[in-house]
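Reader: Could you walk me through this protein, one step at a time? I am new to reading structures.

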Amino acid sequence: MEIIRGGMTVELMHPDFMNPNDAESSSRNGKAAQMNINGPECIILSLKRIISHVRYMGKRLYILLQVAVDHEEKGSRGGAEGWEDTSKTKGWSPKVVLAHHLVGHIESWAAKNNTETLPARLLAFLFPGLDYPLTSSHGFCHNDSLPRRLPPNVTPEAFQAFISRAQSIVGAENVTVVDPQNPLEDGTYMDNCKAHDMHSVYERDYFVASAVVAPRGVSEVQAIVKLADEFIVPVWPFSAGRNVGYGGTAPRVPGSVGIELGKNMNKVLEVSVEGAYALVEPGVTYFSLYDYLVKTGLREHLWIDVPDLGGGSIIGNAVERGVGYTPYGDHFMMHCGMEVVLPNGELVRTGMGALPEPGNVPGLAPHEQKPNKTWQLFNYGFGPYNDGIFTQSNLGIVVKMGIWLMPNPGGYQAYMITFPRDDDLSAIVDKIRPLRLQMILQNTPTLRHILLDAAVYNPKSHYTDKNTPLSEAEMDEIAAKLNLGRWNFYGAVYGPEPIRAVLLEAIKAAFLTISGSKFYLPEDRTEENSILRIRSDTLQGIPSLDEPRWVDWLPNGGHLFFSPIAKISGADAALQYEVTKRRCQETGFDFIGTFIVGMRDLHHIVCIVFDREDPEQRLRARWLMRTMIKDCAAHGWGEYRTHLALMDQIANTYNFNDNALMKLNETIKNALDPNGIMAPGKNGVWPAGYDKEQWVLGGEEEWAPPGTQAAAATKD
Ligand SMILES: Cc1cc2nc3c(=O)[nH]c(=O)nc-3n(C[C@H](O)[C@H](O)[C@H](O)COP(=O)(O)OP(=O)(O)OC[C@H]3O[C@@H](n4cnc5c(N)ncnc54)[C@H](O)[C@@H]3O)c2cc1C
């Protein structure tokens, strides 16, 4: 049946799992459709069980009714039971229940199509004479399964209504309720789980989402955010969801709804060779942008910067202020211009993007408007610079972002310098500082501890039978066996040959004064899986998947990153190394780590590897993190980024002048997100509606290093 009213087409059909994209299936099912064209009243009266799917296709609303005549046929808790329950509990007639069910879908569709009066008109058409109050809260869920965790203060009915409405916005195939019957599978780095942390430090079902919703475009992100605001359901946006070591896809507040941006929003929108930038959607990963450049022949002109692993999202990594290793290694520094959905669903473009480009076609939705030609060229625009508040924050969802790409430098050479002694660290770092400040070290080099490299080659069991931390002598032995140093420095020089030659000469002249140090080029390292050869790809922006092998240092390897910032000063770095290494070892873990050289700082990344199936090791890992945070704060060191479990504790260490920064963050949060729906608790910022004291984690780790007074007290 096709009825045209007010410019809209309504089709009522009865196809068993009919695919509205498929014209052939549509005509095949024509007969079934005929059966149900006597009007909704006829349908509802003849049904024992109804599961409905609502799909939108352009300006067309399809209401697909799948009818199972035998009530017992499917056994599971299907939609009809929910409908019957509603009918019973509310005392509504089937006709009202049908109206109740459809209204949420119709409203969302109408909102998307800017047809405010449509729901009332449509209902009047479908149900003449029906007195039904048209309010948003009347949506009802046909998918009535309840999740493993409900969002806080959300009833099962409200959750179901939310899900039903979300399905109507993004399509049922893009909504997944986290079923309590199914085990939480971790997946792998590339095939990652979407609703929990694959490297859980608590039980897997603590940081767990209630559902995951994957919008298909900016307007759907806006509609989902508005829906969450209406139902006061917390949401947790993520892009590729490969934030492993910092929480993965898991939300801070259990039961939040994950918004998976990467599944459907993964287009490279523009690459400009002239401007040397790309404009991307959240699902564009390092792999996919690299492949795009190779396929289009643009890699000849432009290089990307990649982190150790290529599966991350360019937007996800930059908003976390992640790092890579070419001269463009500071990803937030190299971003330029954002398009952001605010917690009220409004869309903003930052920087020059706020200035409309002349010649836009009137009537286009804001996200479709042609961007300003300087959006990706100048970061700051006019007035307060806002981009920073959308990083490591809970103030918006970044749906487009510009990223600067590095013009092909015209030549490249990776190298490694090994240093034989553990206590060479201080001298090495003091050599790094002037070279980096003067840009003789052009890229973001790394100084890696021997066990990080050893772990990329082999698991711990390959080197030893013991399960306690390796001794200094054992680490020396491993270094000798692998022909590596106790510290190994990986860098690269960029540019035509004469420039590279001069730079390499200066670098060698500085570092090779440290006794026993050795300089290598990739071709000097013939061993299988040579780390220098892996780094040689990474340092020229070729994404890879080799690094996670160090996570398998222990069986069932899970990991957490502890990431304090240090001065590029030998004394500071050596002290930070000493403090963190001692804590790792007293907790029974090996110290595995690296110093990433920023513009004027060291990002010290301590990689805590634990057996994620062993609750005692998880407890120790948490204790270790919490203790190192305190230790570092006592020295004036703070972390640049962290796992969900540690966010509150770290935020509390940034407490200058009676927590003035947190007060500012909370003021902005409450102003932009009065209902507190956007990633509550992210980086320790809680909205006013949450009792922060109740939500803060920590202090429950009853563990102490063996032999200490605290350990004795714990035993008693
Ligand atoms: C072996 C190993 C090596 C690693 N090396 C590095 C490294 O060299 N450098 C590095 O930086 N990291 C590294 N990581 C950490 C991590 O893998 C990367 O940072 C990865 O890029 C983050 O995942 P993602 O990009 O998929 O982000 P996502 O998981 O998609 O997002 C991370 C977080 O950012 C926020 N977010 C994401 N998208 C949006 C959005 N569109 N709008 C608003 N907020 C959003 C959310 O809070 C989300 O939880 C490493 C991890 C491992 C296991």
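Reader: How many bridges join strand E6 to E8, and do they run parallel or antiparallel?
Author: Happy to help! This is a predicted model, where local features need pLDDT of at least 70, side-chain atom pairs count only at pLDDT 80 or more, and totals for chains, interfaces and linings use all residues. Residues are numbered from 1 along each chain as its sequence is written. Strands (E, at least two residues) and helices (H or I, at least four) are DSSP runs numbered from the N terminus, and two strands pair if DSSP finds at least two bridges between them. E6 covers residues 211-213 and E8 covers residues 257-260; the two run parallel, joined by 3 bridges.

Reader: Which residue of E8 is the bridge partner of Val-213?
Author: Val-213 is also listed among the residues with the most contacts inside the largest nonpolar core. Its bridge partner in E8 is Ile-259.

Reader: Are the residues of E8 buried or exposed?
Author: A residue is buried if 20 or more other C-beta atoms, placed from the backbone, lie within 10 Å of its own, exposed if 12 or fewer, and partly exposed in between. Val-257 and Ile-259 point one way from E8, while Gly-258 and Glu-260 point the other way. On both sides, all of these residues are buried.

Reader: Which helix gives the largest share of the largest nonpolar core?
Author: A nonpolar core is a set of buried Ala, Val, Leu, Ile, Met, Phe, Trp, Tyr and Cys residues joined through C-beta atoms within 7 Å. The largest one here has 150 residues. Its largest share, 8 residues, comes from residues 218-231, helix H8.

Reader: In what order do the strands of the open sheet stand?
Author: This sheet has 5 strands, and the pairing is antiparallel. Strands E9 (268-272) and E13 (347-349) each have a single partner strand, so one side of each is left without a neighbour in the sheet. The order is E9-E10-E14-E12-E13.

Reader: In E14, what is the bridge partner of Val-340?
Author: Strand E12 (residues 335-341) and strand E14 (residues 397-404) run antiparallel and are joined by 5 bridges. The partner of Val-340 in E14 is Val-398.

Reader: Which helix gives the most to the shell around the ligand?
Author: The ligand is surrounded by 28 residues (C-beta atom, placed from the backbone, within 6 Å of it). Strand E7 (235-238), helix H10 (314-319) and E14 each supply at least two residues of that shell. With 4 residues, the helix that gives the most is H10.

Reader: Why do the buried residues of H14 line one face of the helix?
Author: In helix H14 (residues 472-482), the buried residues are Met-475, Ile-478 and Ala-479. They line one face because, seen down the axis, they fall within an arc of 100° (taken from the directions from the helix axis to the C-beta atoms). An α-helix has 3.6 residues a turn, so residues three or four places apart point the same way. The answer, then, is that arc of 100°.

Reader: Which helices do the buried residues of H14 pack against?
Author: Ala-473, Ala-480 and Lys-481 are exposed on the face turned away from the buried side of H14. The buried residues pack against helix H12 (450-457) and helix H13 (460-463).

Reader: Why does Val-208 count as buried?
Author: Val-208 lies in the loop between strand E5 (175-177) and E6. Val-208 counts as buried because its C-beta neighbours inside 10 Å number 25.

How values were computed
Two residues are in contact if their C-beta atoms, placed from the backbone, lie within 7 Å.
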